[in-house]
Each structure stands twice: as structure tokens, then as C-alpha cells.
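Good morning, everyone, and thank you for making room for this on the agenda. Please take a moment with the sequence and the coordinates before I start talking through them.

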Amino acid sequence: MARLSTCKGCERKLKPEEKHIHNSKTYCNECYKKILRESTEYKQLIDFICTNYKIDKPTGFILKQIKELKEKFNYTYGGMTYTLWYCKEIKRKELLVKYGVSLIQYYYDEAANYYIQQEESKKQMEKLKDVKLKTKIVKINNQQEKNKIPLLDLNDLLGGVNH
């Protein structure tokens with residue numbers, strides 16, 4: 001009988017047809033999908049940093065900050081990218097290499113709330129898309145028009161006095 005592989009994510013024993021390999025490590029299907037997503041989000045974060053900080057590659061300081069935010073605060077790479085976008089585009093903060101990605105720590109929760117608001121707005125707009133407009137015809141009562149008091153010219157009342 002063939003030896004079973006072990007998933008590096010959840011330690012589950014895997015049959016040969018269940019295993020997926022990423023960076024020379026074996027994963028079950030669920031862990032593999034998670035690893036692929038995380039890998040894609042990390043690449044997007046690095047691309048965003050390089051583009052918006054106008055650098056060819058992230059500095060050691062920036063990489064250290066990213067690792068720390070991931071481990072200490074359990075922030076996702078996608079959340080970090082969104083937070084930097086939020087700081088730049090919504091808060092109009094300048095992204096400077098000398099400070100690295102320190103803005104993430106201060107704006108992550110605010111950016112997350114902004115994202116949630118945007119998603120709720122989208123859902124509301126989707127609901128309104130199916131709403132049918134109703135036209136209401138309003139008839140003016142001519143009797144009300146007849147009972148209106150005409151406007152008076154105050155200059156006529158004052159006798160044409162010019163001030």
C-alpha cells in the first residue's frame with residue numbers, strides 16, 4: 001500500500017488523488033485553495049506597493065512590516081492592499097517609502113468599515129434596480145387659485161419713496 005501524504009496546512013492524511021502541491025509542499029483541496037488565494041493576494045499587495053510607492057521592489061523594512069501585521073494582527077494581504085488603496089484614494093494620504101506601510105495599522109479597521117458600507121450600498125442599489133416607478137397625476141384645484149391673495153408691491157404702499 002502507498003504511503004499517505006500529510007497536508008501541511010491541517011495535518012490531514014491524504015490519498016494520492018487528494019493531494020495538491022504548492023511550493024514543494026503538499027496540501028488538501030481546502031488548504032490548497034486558501035494557500036493559492038493568499039499567494040495571489042500577497043503578489044497583488046507587492047504590486048500595489050511597488051506601483052504606488054514608485055519602487056522596483058519592497059524594502060526589507062516594508063516586508064518586515066507586512067510580516068508583522070500578518071502575524072501580530074492577523075491582517076489579510078487583501079485587507080492590507082485595500083487599506084493602502086483607501087488611504088491613498090479616499091483619505092488622500094501620501095504613501096512614502098520611509099514610513100513603509102505603517103498606515104495599515106492605523107486605518108485597517110476604518111477601511112474595513114468603508115468596504116462594508118460600499119458593499120451595503122451596492123446591495124441597496126441592486127434592490128432599487130427592480131423597483132418600478134409609479135406616476136401620480138396631480139390635479140390643481142381651480143377654486144384654490146381663485147382664493148389666493150395677490151402679491152403687493154411694497155414700493156406702491158410706501159408711495160414710491162426711494163431710499
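I will go through the first helix and its surroundings, then the cysteines, then the charged side chains, and finish at the surface.

Before anything else, please keep in mind that what you are looking at is a predicted model, and that the values I quote are computed from it.

Let me begin with helix α1, which runs over residues 29–52 and so has 24 residues. From its first C-alpha to its last, this helix reaches 34 Å, which is close to the 34 Å expected at 1.5 Å a residue. Its buried residues are C31, S39, E41, L45, I46, F48, I49, C50 and N52, a list in which you will notice the charged residue E41 as well as nonpolar ones such as L45 and F48. Which elements cover these buried residues? The cover includes strand β3, strand β4 at residues 25–27, helix α2 at 60–73 and helix α3 at 77–90.

Just after α1 comes K54, with a positive phi of about 55°, although K54 is not a glycine. K54 lies in the loop between α1 and α2, and at 72% relative accessibility it counts as exposed.

Turning now to the two strands in that cover, I would start with H22, which has its place in strand β3, residues 20–22. Is H22 buried or exposed? Its relative accessibility is 16%, and because the cut-off for buried is under 20%, H22 counts as buried. If we leave aside the neighbours within four places in sequence, H22 is in contact with Y27, Y32, I35, L36 and S39, and S39 is itself one of the buried residues of α1.

In strand β4 we find T26, which at 15% relative accessibility also counts as buried. Again leaving aside neighbours within four places in sequence, T26 is in contact with S5, T6, C7, K8, L14, K19, H20 and I21. Between these two strands, in the loop from β3 to β4, sits N23, which is exposed with a relative accessible area of 63% and has a positive phi near 50° in a residue other than glycine.

C7, among the contacts of T26, brings me to the cysteines. How many disulfides does the structure hold? The number is zero, and the distances let us see why for two of the residues. The sulfur of C7 has its closest cysteine sulfur in C31, at 3.6 Å, which is too far for a bond, because a disulfide here requires sulfur atoms within 2.5 Å. For C31, the closest cysteine sulfur is in C28, again at 3.6 Å and too far for a bond. As for their surroundings, C7 is buried at 0% relative accessibility, and C31 is buried at 14%.

Next, the charged side chains. In general, side chains of opposite charge can pair when their charged atoms come close. The structure holds seven salt bridges, of which I will describe a few. In helix α4, K122 and E119 lie three residues apart, about one turn of the helix, and they form a salt bridge with the closest N and O atoms 3.2 Å apart. Salt bridges that share partners also join K88, E89 and R92 into one network. Within that network, E89 and K88 meet at 3.2 Å, N to O, while R92 pairs with E89 at 4.0 Å between the closest N and O atoms. E89 is partly exposed at 32%, as is K88 at 28%, whereas R92 counts as exposed at 64% relative accessibility.

Staying with helix α4 for a moment, S121 is found there and counts as partly exposed at 38% relative accessibility. S121 and I90 are 31 residues apart in sequence, and their C-alpha atoms are 16 Å apart in space.

Finally, to the surface. M125, L128 and V131 form a nonpolar patch there, with about 320 Å² of accessible area together. V131 has its place in the loop between α4, residues 103–129, and α5, residues 142–146.

That is where I will stop, and I am glad to take questions.

Notes:
Residues numbered from 1 in each chain as written. Predicted model: local features only at pLDDT ≥ 70, side-chain atom pairs only at ≥ 80, totals over all residues. Heavy atoms only, no water. Patch = residues over 30% accessible without salt bridge, like charges linked within 9 Å, V, L, I, M, F, W, Y side chains within 5 Å. Areas by Shrake-Rupley, 256 points an atom, 1.4 Å probe, with all protein chains shown as cover. Salt bridge = Lys/Arg side-chain N within 4 Å of Asp/Glu carboxyl O. Helix = DSSP H or I, 4+ residues; strand = E, 2+ residues; numbered from the N terminus. Buried < 20%, exposed > 50% of the residue type's maximum accessible area, 1.4 Å probe, protein only. Contact = heavy atoms within 4.5 Å. Expected span 1.5 Å × (residues − 1).
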